[in-house]
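Here is a friendly note to read alongside the structure. Please keep the 3D view open and look for each residue as you go.

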Amino acid sequence: MKLTTAEKYFILLFSLLLIIEIFASTSYPFLHYFAKPALVISLIIFYGQCQKPISTRLKLLTIGALIFSLLGDILLMFVDQSEHFFTVGLVAFLTAHILYILVFLKRRNVSKIPIIFCSILAVYGAVLFYLLKDNLGAMLLPVIIYMAVILGMATAAYLRKGMVGKESYILVFIGAILFMISDSLLALNKFYEPLPYSNISIMFTYAFAQLSIVFGLLKQR
């Protein structure tokens with residue numbers, strides 16, 4: 001993959017912010033309130049300042065997805081104070097996924113019928129739901145809706161195959177899968193059982209999911 005000098009420097013900056021966030025989340029809670037939002041804020045600025053020809057609608061949808069992701073990040077930092085923050089944060093990320101779906105479907109390959117891929121996702125979703133269902137309580141319906149949307153987001157990313165360049169397709173698809181994994185880890189950690197080093201695994205997959213999607217969209221022709 002060919003990267004410009006600006007892209008290389010941004011990846012270094014983004015990686016540094018991620019390291020600071022992972023370190024802060026366990027050792028310096030106050031710094032955590034700044035480091036976590038800084039990740040997506042940096043992506044919004046980087047994407048917004050990009051000079052590549054991007055349609056206004058596509059740009060607004062992508063920035064919207066990042067802004068709702070940022071809102072979700074901020075809300076989830078206050079879950080210890082009230083579970084309502086988790087619910088509203090879930091809605092924020094749900095909106096972000098829907099906006100990403102709209103972005104991805106802009107380049108949908110209408111000739112592609114993803115029966116096998118959707119079957120794999122269905123099995124994945126069923127297994128995950130089986131592990132979570134006994135502890136969901138009032139969150140049962142919201143989690144089902146959220147799972148359906150994020151699986152739809154992964155499918156929409158898959159459907160770009162053949163309609164965009166190889167680099168763009170691979171980056172966005174990897175980003176969508178990483179996002180799905182990150183949300184799955186978050187759900188397992190909250191509703192199944194605490195996972196070892198969950199702060200690292202969840203943030204690592206989430207951060208690079210967003211980075212991959214943004215870079216993939218920037219390389220879209």
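The points below cover a surface patch and then the salt bridges.

1. Before you start, please keep in mind that this is a predicted model.

2. Begin on the surface, where Leu16, Ile20, Phe23, Tyr28, Phe30, Leu31, Tyr33 and Phe34 make a nonpolar patch of about 830 Å². Helix H1 (5–27) and helix H2 (29–48) are the elements that give two or more residues to this patch. H2 gives the most, with four residues.

3. Take Tyr33 as an example from the patch; you will find Tyr33 in helix H2. Its relative accessibility is 34%, so Tyr33 counts as partly exposed.

4. Now turn to charges: side chains of opposite charge can pair when their charged atoms come close. How many salt bridges does the count come to? The count comes to three.

5. One salt bridge joins Lys219 and Glu7, with the closest N and O atoms 3.5 Å apart. This pair links distant parts of the chain, 212 residues apart: Lys219 lies in the segment after helix H8 (198–218), and Glu7 in helix H1. Lys219 counts as buried because its relative accessibility is 8%. Glu7 is buried too, with a relative accessible area of 4%.

6. Glu83 pairs with Lys190, and here the closest N and O atoms are 3.1 Å apart. Glu83 sits in the loop between helix H3 (56–76) and helix H4 (84–105), while Lys190 belongs to helix H7 (residues 166–191), 107 residues apart. Glu83 is partly exposed at 46% relative accessible area, and Lys190 is partly exposed at 31%.

7. Finally, Asp134 forms a salt bridge with Lys133, the closest N and O atoms being 3.2 Å apart. Asp134 is exposed, at 63% relative accessible area, whereas Lys133 is partly exposed, at 33%.

How values were computed. Residues numbered from 1 in each chain as written. Predicted model: local features only at pLDDT ≥ 70, side-chain atom pairs only at ≥ 80, totals over all residues. Heavy atoms only, no water. Patch = residues over 30% accessible without salt bridge, like charges linked within 9 Å, V, L, I, M, F, W, Y side chains within 5 Å. Areas by Shrake-Rupley, 256 points an atom, 1.4 Å probe, with all protein chains shown as cover. Salt bridge = Lys/Arg side-chain N within 4 Å of Asp/Glu carboxyl O. Buried < 20%, exposed > 50% of the residue type's maximum accessible area, 1.4 Å probe, protein only.
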